[in-house]
Amino acid sequence: MIAGRGRVIWAAAKVNLFLDVLGKRSDGYHELATLIVPVGLYDTLEVHPREDGELSLTCDQPGLPTDERNLVWKAADALRRRAGVSAGASVRLVKRIPQEAGLGGGSSDAAAVLAALNAVWHLNLGRSDLASVAAGVGSDVAALLPGAGATWCTGRGEVVEPTPAGGPLHLVVVKPPVGCSTAEVYRRVRQSDHPVDGTVIRHALAAGDSAAVADALHNRLESAAFDLQPMVKQVYDRLNSYRPLGCRLTGSGACVFAVCRDRADAARIARRFEDDATDLPGCRVFAVPTTGAVP
Ligand code: C5P
């Protein structure tokens, strides 16, 4: 949608259907293999060019930094450096994706602003150029460029390969009232002696087979996040007790998600959690489909 010379762009959340940690690298990051799918929960960004060369960011969420610490600001600055321009922009960010959640909200906002500014500043960078700027901003940013669809990601997460997705999965995502620091979860992770084979879940996703996807869910970070924030395990156990097809942590948490049979099953499980889990106050519950399937 165009607003004057600016534009409004949606930034989708993601879940990791699969995440294996293959080793620790000399740069301090971990080598990953992960399957990322966008889900229908969005922040929105309104992006306008500024004549004075300044970058400015406002956000409806008090407490979120709006200076160079914010990934949106970093992404805009990285893009103008790469393109060799001194353009400015104002960005208004409306947050709906919870933070410290494993849903990639900050990364997706950064990816969205790269795509929007590429257009607003008339840079005409191709997808692989944008992906390489994205990779420098954060591990998940390239996977969350608008329109990327489902992706199989390796390296520290920034080596992105589109992977087919056969149909929407119907998920229930629960955000506990605690957050998980990504760096802290990675510090506690125990690397696997035996890497898990990701081809099983990729085939299940390509076939749109929810039950097979649910059977193959994997997240090597899960036990580290449960140790760090025991409430996340309580939320996981409760969600799982409502008998979805499968249940897992996303990313480094704190959100857990359930794969459900269909939209009605997701609505049922979301309602049960909201009505019955009164001993776990402060949880936010979202019934959302996966989006952006690659045909
Ligand atoms: O790249 P990003 O800023 O999202 O990473 C946040 C932190 O998570 C890193 O500083 C690092 O501690 C940890 N991390 C990691 N290995 C990865 C991705 C993130 O150790 N592949």
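**Reading the ligand site, pockets and cavity**

Modeller: A backbone N or O atom of R156 lies 3.0 Å from a nitrogen atom of the ligand, and since the model is a predicted one, this distance is best read as a property of the model.

Colleague: Which side chains have an N or O atom close to an oxygen atom of the ligand, and at what distances?

Modeller: In the side chain of H30, an N or O atom is 2.8 Å from an oxygen atom of the ligand, while for the side chain of S139 the corresponding distance to an oxygen atom of the ligand is 2.6 Å. Taken on its own, the ligand has 450 Å² of accessible area, and the protein covers 72% of this.

Colleague: Which residues surround the ligand, and which elements supply at least two residues of the shell?

Modeller: The surrounding residues are G28, Y29, H30, L32, G138, S139, R156, T182, A183 and Y186. Both β3 (30–50) and α4 (182–188) supply at least two residues of this shell, and α4 gives the most, with three residues. Sorted by class, the shell holds four nonpolar, five polar and one charged residues.

Colleague: How does one find the empty space in a model, and where does the ligand sit?

Modeller: The general idea is that a probe the size of a water molecule, rolled over the atoms, shows where empty space is left. In this structure the ligand sits in the largest pocket, which contains about 1100 Å³ of space. Its lining is made of 42 residues, and those nearest the centre of the pocket are L71, S107, D140, T182 and S252. Two or more lining residues come from each of β2 (6–24), β3, α1, α2 (105–120) and α4, and the lining as a whole divides into 14 nonpolar, 18 polar and 10 charged residues.

Colleague: What is the lining of the second largest pocket like, by class of residue?

Modeller: That lining has 11 nonpolar, five polar and no charged residues, and the space in the second largest pocket is about 200 Å³. Of its 16 lining residues, A12, P38, L145, P146 and G147 lie nearest the centre, and β2 provides the largest share, with three residues.

Colleague: How many cavities of 30 Å³ or more are there, and which residues line the largest?

Modeller: The count is one, and the largest cavity, with a volume of about 40 Å³, is lined by L55, S56, L57, V72, W73, A76, A89 and V91. Two or more of these residues come from each of β4 (55–59), α1 (71–83) and β5 (88–94), and by class the lining has seven nonpolar, one polar and no charged residues.

Key:
Residues numbered from 1 in each chain as written. Predicted model: local features only at pLDDT ≥ 70, side-chain atom pairs only at ≥ 80, totals over all residues. Heavy atoms only, no water. 1 Å grid on protein atoms, 1.4 Å probe; cavity = no way out; pocket = protein on both sides within 12 Å on 5 of 7 lines; lining within 4 Å. Points joined across faces, edges and corners; volume = space filled by probe spheres on them. Helix = DSSP H or I, 4+ residues; strand = E, 2+ residues; numbered from the N terminus. Nonpolar A, V, L, I, M, F, W, Y, C, P; charged D, E, K, R; others polar. Near = heavy atom within 4 Å. Polar contact = N/O pair within 3.5 Å; in protein donor to acceptor, adjacent residues only side chain to side chain. Areas by Shrake-Rupley, 256 points an atom, 1.4 Å probe, with all protein chains shown as cover. Sits in = over half its atoms within 2 Å of the grid points.
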